[in-house]
Amino acid sequence: CHSSTTSVTAGTPFYSTEFPVKQTSNANAKVGAHTYHLTNIKMMNVSLVCADCHGPVALKDATHMNGVTNFRWTKFANHSGATSPSYNPVTGTCSNVYCHGNGLPDSSGTNMTPSWKTPFMPATLTPASCKACHGFPPPTANHNGIGSPASFPSATCTGCHPNISATGTTYADIFVDKSLHINGQIEGGGCNGCHGYPPSNKRFTGSAGNFVDARIENYSGGGGAHTIAGHVSPNATHDQQWANCSKCHNQSDHATSPVAFNPSSNIKVNIDQKFRFSVDRTAKYNSNKLDGAAHVPGNCSSVSCHFQKTPQW
């Protein structure tokens with residue numbers, strides 16, 4: 001009824017069931033952006049299917065071929081806090097849909113209520129492509145001072161988002177891993193994308209074989225003694241992910257969504273008790289998740305590597 005018996009493709013676009021000519025133009029309200037949605041596999045983690053917008057659809061359903069376009073949005077359209085997705089048949093626009101930038105921390109895109117009958121993305125990848133959904137850059141505190149990059153890709157993006165290819169120039173190759181785009185998660189590019197691997201104090205500069213992925217933390221006490229060989233190996237690289245952190249941090253304490261730069265409230269040390277000094281003493285850190293805006297570095301105690309109370313972090 002609507003195109004290929006196996007799948008809609010660019011070569012066999014979605015078409016309406018008008019008779020005698022089956023319309024394929026996106027200017028037709030029944031065709032619109034169906035083809036684009038069903039074949040858009042270049043820049044997102046999954047291809048959309050009919051059920052994402054219309055719910056389960058079977059030939060004999062009461063909501064099928066009833067003269068009305070029915071919507072039943074799935075979880076995908078509601079990801080990340082987007083609420084009550086809707087379609088306005090009078091204006092031909094979708095609203096409050098996660099895939100178009102709604103529910104993101106900034107929700108500042110220039111085209112978050114796109115017209116169903118108008119091409120949504122520029123044919124060629126440009127800054128306007130990214131700005132349509134989430135700004136370029138998004139106007140959040142974490143992006144302060146970046147300004148508006150003139151081209152794409154931009155070093156100001158790849159520095160924190162390694163999933164953005166430094167050499168990509170098209171929708172097909174701009175993401176290292178497209179499954180990390182429009183997937184319901186805020187992706188900061190892994191450990192190194194947010195805070196370096198490991199975070200380091202402002203007096204340290206990493207190099208090959210000496211914490212090459214370290215990044216300076218620019219707040220009081222930031223980074224501390226991560227770059228002491230006994231804490232993290234000098235040969236550690238960010239692709240090792242959590243492996244070098246578990247001695248002192250618990251992954252379940254590491255909240256990544258929503259993104260909030262508030263180290264005093266978020267940083268928690270949970271020392272693996274196999275490193276405690278004695279079986280009758282608990283290894284601990286005395287500045288876990290402090291209140292207030294200023295992080296106060298603390299001390300560890302009863303840790304075997306330090307015998308008793310440690311120097312301030």
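This note goes through a predicted model point by point, from the whole chain down to single residues.

1. Overall make-up. The protein chain holds six helices and six strands, and when it is read along the sequence these elements follow the pattern α-α-β-β-α-α-α-β-β-α-β-β. The chain has 313 residues, of which 33% count as buried. About 18100 Å² of the protein chain is exposed, and carbon and sulfur atoms supply 56% of that area. If one takes the contacts between residues at least 6 apart in sequence, 36% of them join residues at least 24 apart.

2. The largest nonpolar core. As background, nonpolar side chains in soluble globular proteins tend to be buried together. In this model the largest nonpolar core has 14 residues, and the members that touch the most others are Phe152 and Ile174. Helix H3 gives the most to this core, namely three residues. Another core, of 10 residues, lies apart from it and has Leu48, Phe76, Cys94 and Tyr98 among its members.

3. Around Ile174 and Phe152. When neighbours within four places in sequence are left aside, Ile174 is in contact with Leu125, Phe152, Pro153, Asn163, Ile164, Ser165 and Gly168. Phe152 can also be followed to Thr126, for the C-alpha atoms of these two residues are separated by 6.3 Å while the residues stand 26 apart along the chain. Thr126 belongs to the loop between E2 and H3, and with a relative accessibility of 26% Thr126 counts as partly exposed, because this value falls between the limits of 20% for buried and 50% for exposed.

4. Two cis peptide bonds. It helps to recall that most peptide bonds are trans. In the model, however, Phe19 and Pro20 are joined by a cis peptide bond whose omega is about 5°, and Pro20 sits in the segment before helix H1 (34-39). A second case is the bond from Tyr197 to Pro198, which is also cis, with omega near 0°; here Pro198 is part of the loop between helix H5 (190-195) and strand E3 (199-200). A student who looks at the backbone could begin with these two places.

5. Two residues with positive phi. Most residues other than glycine have a negative phi. Asn96 has a phi near 60°, which is positive although the residue is not glycine, and Asn96 lies in the loop between strand E2 (93-95) and helix H3 (127-134). Gln241, which is likewise not a glycine, has a positive phi of about 50° and is placed in the loop between strand E4 (215-216) and helix H6 (263-266). As for their surroundings, Asn96 has a relative accessible area of 33% and is therefore partly exposed, whereas Gln241, at 52%, is exposed, because the limit for that class is over 50%.

6. Asn299 and its contacts. Asn299 is found in the loop between strand E5 (284-285) and strand E6 (300-301), and its relative accessible area of 16% is under 20%, so Asn299 is buried. A polar atom of the Asn299 side chain lies 3.5 Å from the backbone oxygen of Pro311. Not counting residues up to four places away in sequence, Asn299 touches Lys284, Tyr285, Asn286, Lys309, Thr310, Pro311 and Gln312, so that Pro311 appears both in this list and in the 3.5 Å pair.

7. Aromatic pairs. A pair of aromatic rings is described by the distance of the centres and the angle of the planes. The model has three aromatic pairs. Phe71 and Trp73 form a stacked pair, with 5.1 Å from centre to centre and 15° between the planes; of these two residues, Phe71 is partly exposed at a relative accessible area of 31%, while Trp73 counts as buried at 18%. Phe204 and Phe211 have ring centres 5.8 Å apart and planes at 75°, and the pair is edge-to-face because that angle is over 60 degrees. Phe204 counts as buried at 16% relative accessibility, and Phe211 is also buried, at 2%. Finally, ring pairs link Phe71, Trp73 and Tyr87 into a cluster.

Conventions
Residues numbered from 1 in each chain as written. Predicted model: local features only at pLDDT ≥ 70, side-chain atom pairs only at ≥ 80, totals over all residues. Heavy atoms only, no water. Helix = DSSP H or I, 4+ residues; strand = E, 2+ residues; numbered from the N terminus. Buried < 20%, exposed > 50% of the residue type's maximum accessible area, 1.4 Å probe, protein only. Polar contact = N/O pair within 3.5 Å; in protein donor to acceptor, adjacent residues only side chain to side chain. Contact = heavy atoms within 4.5 Å. Core = buried A, V, L, I, M, F, W, Y, C linked by side-chain atoms within 4.5 Å. Areas by Shrake-Rupley, 256 points an atom, 1.4 Å probe, with all protein chains shown as cover. Phe/Tyr/Trp six-rings, centres within 6.5 Å; stacked < 30°, edge-to-face > 60°.
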